[in-house]
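Here are some short exercises to work through at your own pace. Try each task before you read its solution.

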Amino acid sequence: MKFTVPIIIFGVLVVFLGIGLRLDPRLLPSPLIDRTAPEFHLSQLDEPSRTFSPTELRGQVWLLNTWASWCVSCRQEHPLLLALARSGTVPIYGLNYKDNRSDALQWLKNMGNPYVINVQDSNGRVGMDYGVYGVPETYLIDKTGVIRFKQIGPLNVETLEKTVMPLVRSLNS
Amino acid sequence: MPDVPSIGQLSLIIALCVAAVQASIPIVGAARNRQSWIAAAVPLAQWQFIFVALAFLSLAYCFVTNDFSVLNVARNSNSELPLNYRLAATWGSHEGSILLWVFILAFWTAAVSVFTRHLERVVVARVLGVMGFISVGFLLFIQITSNPFTRLLPVPADGNDLNSLLQDPGMVVHPPMLYMGYVGFSVAFAFAVAALAGNRLDAAWARWSRPWTLAAWTFLTCGIALGSYWSYYVQGWGGWWFWDPVENASFMPWLAGTALIHSLAVTEKRGAFKAWTVLLAIASFSLSLLGTFLVRSGVLTSVHAFATDPKRGIFILCFLAIVIGGSLLLYAWRARTMSAGASFAPISRESLLLSNNVLLAAAAASVLLGTMYPLIIDALNLGKLSVGPPYFNSVFVAIMTPAIFLLGVGPIARWKKAELPELARRLRWAFAVSVIAGLSIPFVVEWKPLISLGLTLSIWIVSTAIVSFADKFKAAGARSILQRIRTVPRNYYGMQLAHIGVAVTIAGITLVTGYEVQQDLRLNVGDSTEIGGYRFDFHGVAFAGGPNYDAIRAEIDVFQNGKQILRMYPERRTYHASGNDMKSAAIDSGVFRDLFVALGDPIEGTDAWSFRIQYKPFVDWIWAGALFMAIGGALAFSDRRYNPAAKSIGLREAA
Amino acid sequence: MKSAVLLLTLLTPSGNDPALDQRVLALSRQLRCLVCQNESLADSQAELASDLRKEIRQQMVQGKNEEEIKAFLTARYGDFVLYRPPLTPRTYLLWFAPFGVAAVGLYAFIRIVRTQRSTTFSGKDHERVETILTNGVGTNIAIYREQMEFLKNEFETGSFTREQFEIERNELEQRLLEECGGPL
């Protein structure tokens, strides 16, 4: 009997390894899900004399998208964001992360601007509060200011259609 | 000039066919007692080696001659790359390193076919058959997912260059040495599986798998030590072990392999522990295969991991399941009928070796658990978790401490039955010296409990070795000391040297971890700082260069007691072809300390640069100890009793 | 020289308090760099790692202790950022299993030692053994021959008493018969 212990243990190991092949060890789920979005007051990119804070959007369902002009993957999701902004289903607000103001403005001019408002997080402190570790990252925030979903990496059509939009609809109703 | 890559590809296909035959015919022949089929094993093994060697040499040739029509060469090499690194680039990628794996496996297979002429043909047939099966798996893997001879059209003018971290002598020696060990455990595995299959777990199996296992263990020890040393001087932050999954992937087979060589000692001498030894033989190579999977499948994150592809992961996993699952099933089936071997008392050399094995196995299991745990938690949908050095250090030290204590007692104890009072009496001075020295030495600098523990264990090993030597050489009869020294078998010296190597490594680890000093700081030209009793003066930077890189080199003068003792040149290199940036730390090695200076980033707007300066006492002892272990292993497997031609054995050709 | 060093300490936050440096370093070593493949915050060159080290330093200057700083980081990044897995129900297996394995090993050890069978070797088989040793061929026989030689040697040089020698010899012969017994 005891001689079958090794093969049983090995069997369990293989099962886990098999499951592991489908997982991505680098994807980090956020501990902020179902918690209130951290507060901040940052100056706006377009008008630095004005500030913006997430509490201003209580009562709305909205997306917070972190991006930067130096971020290569941001370009991947940008057309999707533009299309989303045009459709008007959910407003997108931008957190310009550890970037240079003129570079950021230039980038928006070249690539298009899907954001209602952009704020400048030049030292990354707000990003740290949101647990940002690699742009782009996008947060879906509900009417009470609670984070309901976080996308790590560029948004893709599948995630948008299967996860984000249904969530937006249910939060809006 | 024939198209070399095509020769390589063709050779691989032929090798696969030969290996397939090698994996089947001799095994069937052994089962059906067909002499011609049994005899075919040896030539098949040797032909497989010839074709694999041809393939490997073809790839090396492509690298050396800058044949960028081969995708692998274009991705990993460059015409400016110096010759030795072009050669090393052969195994600098996933595909190339798998080919190296197969080449080394074929080499061990051929070696087994040559150096086992004194063994029964049936046994050799099964062993070579099993090794052939493993070769088939890897050769098939190459053809299906990882062919190094894939062509690239249009042919680029030049290549991407070898990863800058790999452009180093470490790259030339570490992988081959590591694989010699890793893959070498396949011999012990094959011997065990062959013995299980033929129901022949006998004295011959125990005696003759031992030198092969010792050889593989010796290579693996070197390979791991080289990897650690390379990491130390190339990474730029002075670390030498991080319990990274890839490092663990090589350490687990080492732990299991260490348990195996000790278990084999008992099985050879006393016929005991057969089931346990077989299981360890299977486990050691299984852990090697598992390591291969972990490193290439993307299942775990690691600094060392190769670029991943799910297809590769699936293939290796299936192969693993067949090979390891198959051997463990065979084990479960046959182990019940194994004979028990000589009996032994609860306190005896056998029991001490057994308890050491249990502890080593527990250590290996813990490393495996810690490495796999993030994956297990993720797979169970319980979130993401990291398991890093703090975990491994705590658990490993806790488990190994009793093992190290027993290491001192084992060689002193008698076989079969040892008397506890007698043991205590013979070891009391060693115990006293170790404890007193271990407790008091740290006060010289700063007393910390773990340093005390480490030093106590280290001195314990050395003092018990002295006791063992004294007993061994006490002249019994009229023989002189010199004669006694000559008659003691070589593997005794090997054992003691290896154990002393362990002591040296433990001392090095203890002292460097306890007393190292590190500073991350900014220095302006003309500034200086004091670390570890040395003064470092920064004199400025200059431009420098190498064959395929440009560098910025800092000049640091080092003073001790007011006198300048050396000048160090840490560099930041930028490689032409890849644009990669790399730090090249300046290290001054000494017997009692290393001084380590790494150049960081320039501080914008000033002439200052950031530096990491470290004082690392006794760090080289870590690798010196490993060297002793390896020499000890070499002494052990070159012992006269493993030379089949030696007269003392009196072998006659087997039927 | 002194004035240069003084200027240095005024300009740069690091390097003016080695004790604080060591504390930051010690804590950073236990934390994971999130953008790297597998490096600690202490060793990583990534920008985020640098930012987090600065944050740790600032918090330490403000008087926060290690636990509070770790809580700050895990609230934002999860337990993943800790290299030392915290002791929670989902890590019980991780922390206790190694000792469980060692305990199982101890149990196995005790069982193996206890359940040993004694030699059931009869004296009349001595002759058979002698025959096999003298006339047998093959690797196994050769090995047993050698081991018998060794035994006799040990007895003659006084390492074994006669009783020990007899026991050892019986066991050796029993093993020999089991493996190379040949036809009865």
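## Exercise 1: a disulfide and its hand

The S-S bond of Cys71(A) and Cys74(A) has a torsion of about 100 degrees, so this disulfide is right-handed. This is a predicted model, in which local features need pLDDT of at least 70 and side-chain atom pairs count only at pLDDT 80 or more, while totals for chains, interfaces and linings use all residues. Residues are numbered from 1 along each chain as its sequence is written, chains are lettered from A in the order in which they are written, and side-chain values use heavy atoms, with hydrogens and water left out.

Task: find how many disulfides the whole structure holds, over all chains.

Solution.
1. Apply the cut-off: a disulfide is a pair of cysteine sulfur atoms within 2.5 Å.
2. The sulfur atoms of Cys71(A) and Cys74(A) are 2.2 Å apart, and both residues are buried (under 20% relative accessible area; exposed is over 50%, partly exposed in between, with a 1.4 Å probe and protein chains only).
3. Cys33(C) and Cys36(C) also form a disulfide, with their sulfur atoms 2.2 Å apart. Its torsion is about 65 degrees, so it is right-handed.
4. The search over all chains gives 2 disulfides.

## Exercise 2: two cysteines of chain B

Task: decide whether Cys62(B) is buried or exposed, then classify Cys318(B).

Solution.
1. Cys62(B) has 0% relative accessibility, so it counts as buried.
2. Cys318(B) has a relative accessible area of 44%, which makes it partly exposed.

## Exercise 3: the surroundings of Gln48(B)

Task: place Gln48(B) in its helix and name the partner of its side chain.

Solution.
1. Gln48(B) lies in helix H3 of chain B, residues 41–64 (a helix is a DSSP run of H or I, at least four residues, numbered from the N terminus).
2. Its relative accessibility is 0%, so Gln48(B) counts as buried.
3. Its side chain makes a polar contact with the side chain of Gln22(B), at 2.8 Å (N or O atoms within 3.5 Å, one able to donate a hydrogen and the other to accept it; residues adjacent in sequence count only if both atoms are side-chain atoms).

## Exercise 4: chain B meets chain A

Task: describe the interface of chain B and chain A, starting with how many residues each gives.

Solution.
1. Count the contact residues (heavy atoms within 4.5 Å): chain B gives 30 and chain A gives 20.
2. Look for salt bridges (a side-chain nitrogen of Lys or Arg within 4 Å of a carboxyl oxygen of Asp or Glu): the rule finds 0 across this interface.

Note on methods
Helices (H or I, at least four residues) and strands (E, at least two) are DSSP runs, numbered from the N terminus.
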